[in-house]
Amino acid sequence: MSSKTAVIPFSGTAEQKEKLYAVMREWKGKGGALMPVLQEAQEIYGYLPIEVQQMISDEMDVPMSEIYGVVTFYAQFNLQPKGKYKIGVCMGTACYVKNAGGVFDKLKEVLGVENGECTPDGLFSLDATRCLGCCGLAPVLMVNDDVYGRLTPDDVKGIIEKYRAAEAG
């Protein structure tokens, strides 16, 4: 994580913990249990913080090194929380050659986060993505299910302000 962003503390609930322990009880002792347990844990928490990995390690009797190896190897797992508004900037070829990098850099500046991070208020997370299949609209970004195309770095601030205004009511 970059030094300029705040670490978002883990804030799991008792209900989430009980759901995770129910999943682990269902899989304990079965071969190949780690992947489905990690997938369910991420579904429950939205990501896999160290605290959740430790619970899985303790309950499933799997070394933390093995769990960490799996969650850092597979792109489907997130070690950082995702924001209410998940921003994905396409870095596919068509978008890249039309300055998706400039759009991405402007988002990093406006949000104060790096790739894969979430803003301290939990509103926005930012990720560079593979092709979104909107090559004719390059460069493209998505905010949850909303698609924005033919962007320039100058468009970024207005897009973010739209979502901030929605939060303000």
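How far apart do the C-alpha centres of domain 1 and domain 2 lie? The answer is 31 Å, and keep in mind that this is a predicted model. The domain assignment puts residues 14-73 in domain 1 and residues 85-168 in domain 2. Here's a quick tour, from the overall layout down to single residues.

**Overall layout**

- The chain's secondary structure adds up to seven helices and four strands.
- Going along the sequence, you'll meet them in the order α-α-α-α-β-α-α-β-β-β-α.
- If you're setting up a box, the C-alpha trace spans about 55 × 35 × 30 Å along its principal axes.
- The chain has 169 residues, and 38% of them count as buried.
- Take the contacts between residues at least 6 apart in sequence: 62% of those join residues at least 24 apart.

**Helix packing: H2 against H3**

- As a bit of background, a packed helix pair is described by the angle between the two axes and the distance between them.
- For H2 and H3 (residues 50-60), the axes come within 11 Å and cross at roughly 145°.
- That crossing is right-handed.
- On the H2 side, the contact is made by Leu 34, Val 37, Leu 38, Ala 41 and Tyr 45; H3 brings Val 52, Met 55, Ile 56 and Met 60.

**Gln 42, a buried polar side chain**

- Gln 42 also belongs to helix H2, which covers residues 34-45.
- Is Gln 42 buried or exposed? Its relative accessibility is 14%, so Gln 42 counts as buried, the cut-off being under 20%.
- The Gln 42 side chain has a partner: it reaches the backbone oxygen of Gln 76 at 2.7 Å.
- Leaving out neighbours within four places in sequence, the residues in contact with Gln 42 are Tyr 47, Leu 48, Gln 76, Phe 77 and Asn 78.

**Salt bridges**

- How many salt bridges does the structure hold? There are eight, and a few of them are picked out here.
- Glu 18 and Arg 25 pair up through their side chains, with an N to O distance of 2.9 Å. Glu 18 is partly exposed, at 43% relative accessibility.
- Asp 127 and Lys 82 form another salt bridge, at 2.8 Å from N to O. Asp 127 sits in strand S2 (residues 124-129) and Lys 82 in the loop between helix H4 (64-73) and strand S1 (85-90), so this pair ties together parts that are 45 residues apart in sequence. Lys 82 is partly exposed, with a relative accessible area of 23%.
- Lys 84 and Glu 167 meet at 2.7 Å, again N to O. This pair links distant parts of the chain, 83 residues apart: Lys 84 is in the loop between H4 and S1, while Glu 167 is in helix H7 (residues 156-168). Both ends are partly exposed, with relative accessibility of 46% for Lys 84 and 32% for Glu 167.
- Asp 105, Lys 108 and Glu 114 are joined in a salt-bridge network.

**Backbone oddities**

- For context, most residues other than glycine have a negative phi, and most peptide bonds are trans.
- Which form does the peptide bond from Ala 138 to Pro 139 take, cis or trans? That bond is cis, with omega near -10°. Pro 139 is part of the loop between S2 and strand S3 (141-143).
- Asn 144 isn't a glycine, yet its phi is positive, near 50°. Asn 144 is found in the loop between S3 and strand S4 (146-148), and with a relative accessible area of 33% it is partly exposed.
- Arg 150 also has a positive phi, about 55°. Arg 150 lies in the loop between S4 and H7. Its relative accessible area is 58%, so Arg 150 counts as exposed, the cut-off being over 50%.

**One more loop residue: Tyr 74**

- Tyr 74 belongs to the loop between H4 and S1, and at 35% relative accessible area it is partly exposed.
- If you want a distance to check, the C-alpha atoms of Tyr 74 and Leu 126 are separated by 18 Å, with their positions 52 residues apart along the chain.

Note on methods:
Residues are numbered from 1 along each chain as its sequence is written. This is a predicted model: local features need pLDDT of at least 70, side-chain atom pairs count only at pLDDT 80 or more; totals for chains, interfaces and linings use all residues. Side-chain values use heavy atoms; hydrogens and water are left out. A salt bridge is a side-chain nitrogen of Lys or Arg within 4 Å of a carboxyl oxygen of Asp or Glu. Buried means under 20% relative accessible area, exposed over 50%, partly exposed in between (1.4 Å probe, protein chains only). Helices (H or I, at least four residues) and strands (E, at least two) are DSSP runs, numbered from the N terminus. A polar contact is a pair of N or O atoms within 3.5 Å; within protein, one must be able to donate a hydrogen and the other to accept it, and residues adjacent in sequence count only if both atoms are side-chain atoms. Contact means heavy atoms within 4.5 Å. Domain bounds come from an automatic or database domain assignment. Axes are lines fitted to C-alpha atoms, for helices over the stretch in contact, and angles run from 0 to 180 degrees between N-to-C directions. A crossing is left-handed if the near helix is turned anticlockwise from the far one by less than a right angle, and right-handed if clockwise.
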